[in-house]
Amino acid sequence: VLPERLQRREAERQQGVERQRQKKEAQVVKEEQSEFFLATFAREREAVEALLAAGTLEEAAARLQALQKLLTGSVRFLAPYEVRQGQETVARLQGDLAARRQQLQPKKKFAFRALKKEAAPGSVPRPAEPAPLAPAAPGLGLAEGESGGPPLCGFSGAQDEELELGPAELLQQDVLLSELRGCRVRLRGNPNTLRVRDCRGCTVLCGPVSTSVLVDGCSDCLLALACQQLRTHRTRDCRVYVHVTSRAVIEACSGVSFAPYSWSYPGIERDFESSGLDRNSNNWNLVDDFDWLATDKPSPNWSLIPEQDRITCWD
């Protein structure tokens, strides 16, 4: 009996040693992957910055998209603070790219739109036309991670309205929705970025966004969003149907719930192609809460919408 007992103990000891060895090897691999990522990310970031400084914007945009994909594919072995630093860097570069675009191919769009808006009040039938439907939203204070340039289209200050923009108006534009109350917004097309700020009781349905979506200071809203990066700040009691190729981030939020993106419209496949988003990569249920550091308990600030409660028909 004694030798059998000893044999069992020795077998258990060997198994413990093997587990420790595998754990150590996995940790080494993880550290090596992290070091490789950080070196590659820094090199690509410097390349994008150099291209922006030189005014080579199309190449900078392509390298920036590759940088975002590198970050997205590496989140599984990166520490949360490394993911956050990477996301902040990508957001900053996206803002720099938007600002450089406005510097180098400026004010044609703004001058053209402004002239159209100024001409309208000159005619008798048009003075009463509602301002919230104007394509250019007013400049507001910036939230964290927003680009410094003014948005090219959007809606601001409307209440209880049906608001729409189509593919021609949205293509690779920076869109701002701000201070809306009880509105239903349909954005059928492929914007470059989307910001939803200080909205209450609204429904926002948006086609695929090439880069980032920022939701800031909203409450009691329903959102359908497809993007590379989703950041949500100071937001409560919102339902988000999302297709996101990186991990979504929330901060200073409560009562936010998530489900997979399910809105559709004629032409959405074409918009997904032009956006560059990978339809096979959706991390809708992977959310980083920067106010919840515990790893052994789920964050109380967000949840998943049960399948039986998800919206399947949006019309």
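Is Asn282 buried, partly exposed or exposed, and what is its relative accessibility? Asn282 counts as partly exposed, at 24% relative accessibility. Here buried means under 20% relative accessible area, exposed means over 50%, and partly exposed is in between (1.4 Å probe, protein chains only). Before we look closer, note that this is a predicted model, in which local features need pLDDT of at least 70, side-chain atom pairs count only at pLDDT 80 or more, and totals for chains, interfaces and linings use all residues. Residues are numbered from 1 along each chain as its sequence is written, and side-chain values use heavy atoms, with hydrogens and water left out.

**View 1. Asn282 sits in a loop and reaches the backbone of Val242 and Val244.** The loop runs between helix 6 (268-275) and strand 13 (287-289). Helices (H or I, at least four residues) and strands (E, at least two) are DSSP runs, numbered from the N terminus. Although Asn282 and Val242 are 40 residues apart along the chain, 8.2 Å separates their C-alpha atoms. The side chain of Asn282 reaches the backbone oxygen of Val242 at 3.4 Å and the backbone nitrogen of Val244 at 3.0 Å. These are polar contacts: pairs of N or O atoms within 3.5 Å, where, within protein, one must be able to donate a hydrogen and the other to accept it, and residues adjacent in sequence count only if both atoms are side-chain atoms. Neighbours within four places in sequence aside, Asn282 is also in contact (heavy atoms within 4.5 Å) with His243, Pro260 and Tyr261, among others.

**View 2. Thr211 is a buried loop residue.** Look for Thr211 between strand 6 and strand 7 (212-216). Its relative accessible area is 13%, so Thr211 is buried. A polar atom of the Thr211 side chain lies 2.5 Å from the backbone oxygen of Asn192. Beyond neighbours within four places in sequence, the contacts of Thr211 include Gln94, Thr193 and Cys227.

**View 3. Helix 6 has buried residues along one face.** Those residues are Ile268, Asp271, Phe272 and Ser275. Seen down the helix axis, they fall within an arc of 105 degrees (the arc of the directions from the axis to the C-beta atoms), so they line one face of helix 6. Among what covers them are helix 2, strand 6 (203-208) and strand 8 (222-227). After helix 6 comes Gly276, with a positive phi near 85 degrees.

**View 4. Leu187 belongs to the largest nonpolar core.** A nonpolar core is a set of buried Ala, Val, Leu, Ile, Met, Phe, Trp, Tyr and Cys residues joined through side-chain atoms within 4.5 Å. This one has 39 residues, and Leu187 is one of those touching the most other members, along with Leu177, Leu180, Leu194, Leu230 and Phe258. Strand 10 (residues 236-244) gives the most to this core, with 4 residues. Apart from this core lies another, of 18 residues, including Leu51 and Leu67.

**View 5. The cysteines form 0 disulfides.** A disulfide is a pair of cysteine sulfur atoms within 2.5 Å. Why is Cys153 not bonded to the closest cysteine sulfur? That sulfur, in Cys206, is 9.8 Å from the sulfur of Cys153, too far for a bond. Cys238 is in no disulfide either, with the nearest cysteine sulfur, in Cys221, 4.6 Å away. Cys153 is buried at 1% relative accessible area, and Cys238 counts as buried at 1% relative accessibility.
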